[in-house]
Amino acid sequence: MTETMNRFNDICPIPDSNVPETIERLIANSYFRRAAEAFVKPLPWEQFTAVMSQCRTKDDFQRYIIYPAMKQLIAKTTADMSGAGWENIPEGIGTLFISNHRDIVLDAAFLNMLMVDKEKPTTEIAIGDNLLIYPWIEELVRLNKSFIVKRGVSVRQMLEVSKHLSEYIYDTVNRRAQPAWIAQREGRAKDSNDKTQVSLLKMLTLYNSSDPAKALQDLHIVPLSISYELDPCDYLKAKEFQLKRDNPGHRKTEADDIENMYTGIMGFKGRVTFRFGTCIDQAIREIPAATGRNELLEQVASIIDREIYRNYTFFPFNWVAYDLMTGTGRFSSQYTDEDVSKFNAYLQKQIEKINIANRDDDFLRVKMTEMYGNTVKNHLEA
């Protein structure tokens, strides 16, 4: 383990030996206090930090700090949280969960809550360095078993950085037999049209690029479908669609990232379901040995996508949105007239939160409807 940490020090979670000093630094950081105090209320800060100071390992930190805070958040911001398909997780070996991506912070955090409840080891979490806006955020996420995906590097450095990450993920899953989680693409699919990036799979094979099929099988990939009844960031995503439509050069700012993270964490999500698909080892074995590298990666991306689409959970708003998108009543048996009224009222309420010049309500409504309907569309195609 120490050798692993030394070799991957720049990206791996904080070693247990460094946990106490990292916690000390966090407690002394006024910015961390400002952010964390809101989450731990009504617990007094002194009491919270006393518990935090007693943590000696990352598992301690997750169990005594993250778990109770997340339980409180789940009670406040969801109507229900559940997991399904547990029998699909291979026993006794490491696993790489590849999932669709709905929330910047909570997808992996919620997954680990479910893992703790099922008495399974928590996953190591891939997180892009673009979200590590302040040094204390990086310390906090690495304390919570996150490993860093470096994005802000030159084209010249990209191959080296990607190979290093690939070797770390292999080391985690195969050599240390730990579970790990990574999203199927960089950033969230703003319109919920979830597609696995072939470039992600290419990165995963770099540690053994001479045999990409074996490289992927050695990771024991389990596709994971994440379904949120409501997306608190839907109006922020719709706003970004209009800003990019009106100005193709529009780029999100650091403040936008913080607003998206905060809204996603604190907003109401309704019912949330995590469903594990079938491990794809066997499906990869069935791809003919003569298949070229690029074609193989394309096929594996499709296998993962189909498994994710097959295992979505749907709520009335998804069926309503699909029928509105397609101008049909195909799923009218799945919802009531009241559900349609609620959906339209919900969209209007979200649109009212958007404060931009020349707000195009019709365009925004279409975009948000797609966010809720595209999952049904992909499920039907799968």
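Q: In this predicted model, is K145 buried or exposed?
A: K145 lies in the loop between α7 and β4. The cut-off for buried is under 20% relative accessible area. K145 has a relative accessible area of 9%, so K145 is buried.

Q: Which residues does K145 touch, not counting residues up to four places away in sequence?
A: K145 comes just after α7 and takes a positive phi of about 65°. Its contacts include K58, D59 and Q62. Two of these, K58 and Q62, are buried residues of α5. The full list for K145 is P13, K58, D59, Q62, T122, T123, E124 and I125.

Q: Which elements do the buried residues of α7 pack against?
A: Helix α7 covers residues 135-143. Its buried residues are W136, I137, V141, R142 and L143. They pack against α2, α3, α5, β3 and β4.

Q: What is the handedness of the β-α-β unit that β3, α7 and β4 make?
A: Strands β3 and β4 pair in the parallel sense, over four bridges. Helix α7 is the helix of the unit. The unit is right-handed.

Q: Which residue in β4 is the bridge partner of I127?
A: I127 falls within β3, residues 124-128. Another residue, I125, stands opposite S146 in β4. For I127, the bridge partner is I148.

Q: Which residues of β4 are buried on each side?
A: In a regular strand, side chains alternate between the two faces of the sheet. In β4, both faces are covered. One side has S146 and I148, and the other has F147 and V149.

Q: Which strands stand at the edges of the sheet?
A: The open sheet has seven strands in the order β1-β7-β6-β2-β5-β3-β4, with mixed pairing. Each edge strand has a single partner strand, so one side of it is left without a neighbour in the sheet. These edge strands are β1 and β4.

Q: By how many degrees are neighbouring strands of this sheet turned against each other on average?
A: The sheet is open and has seven strands. The average ignores direction. Its value is 25°.

Q: What angle does the direction of helix α8 make with that of β4?
A: Helix α8, residues 155-175, packs on the sheet. It touches β2, β3, β4 and β5. Its direction and that of β4 make an angle of about 160°.

Q: Where in helix α5 does the kink lie?
A: Helix α5 spans residues 58-77. The kink is about 35° and comes shortly before the proline P68. It lies at I66.

Q: Which helix gives the largest share of the largest nonpolar core?
A: Nonpolar side chains tend to be buried together in soluble globular proteins. Here the largest nonpolar core has 81 residues, and V300 is among those that touch the most other members. Eight core residues come from one helix, residues 293-310. That helix is α14.

Q: Which residues does V300 touch, not counting residues up to four places away in sequence?
A: One of them is L201. L201 is also among the core residues that touch the most other members. The full list for V300 is L201, L216, I280, I284 and I287.

Q: How many residues does the second, separate core have?
A: Its members include A108, I226, Y228 and F274. The count is 27 residues.

Q: Is Y207 buried or exposed?
A: Y207 is found in the loop between α9 and α10. Leaving aside its neighbours within four places in sequence, Y207 is in contact with S166, E167, Y170, K214, A215 and D218. Its relative accessible area is 18%, and the cut-off is under 20%. Therefore Y207 is buried.

How values were computed. Residues numbered from 1 in each chain as written. Predicted model: local features only at pLDDT ≥ 70, side-chain atom pairs only at ≥ 80, totals over all residues. Heavy atoms only, no water. Pairing = 2+ DSSP bridges. Helix = DSSP H or I, 4+ residues; strand = E, 2+ residues; numbered from the N terminus. Axes fitted to C-alpha atoms, helices over the stretch in contact; angles between N-to-C directions. Contact = heavy atoms within 4.5 Å. Buried < 20%, exposed > 50% of the residue type's maximum accessible area, 1.4 Å probe, protein only. Right-handed = clockwise from strand over helix to strand, strands pointing away. Core = buried A, V, L, I, M, F, W, Y, C linked by side-chain atoms within 4.5 Å. Bend = angle between axes of the 7 residues up to and from the residue.
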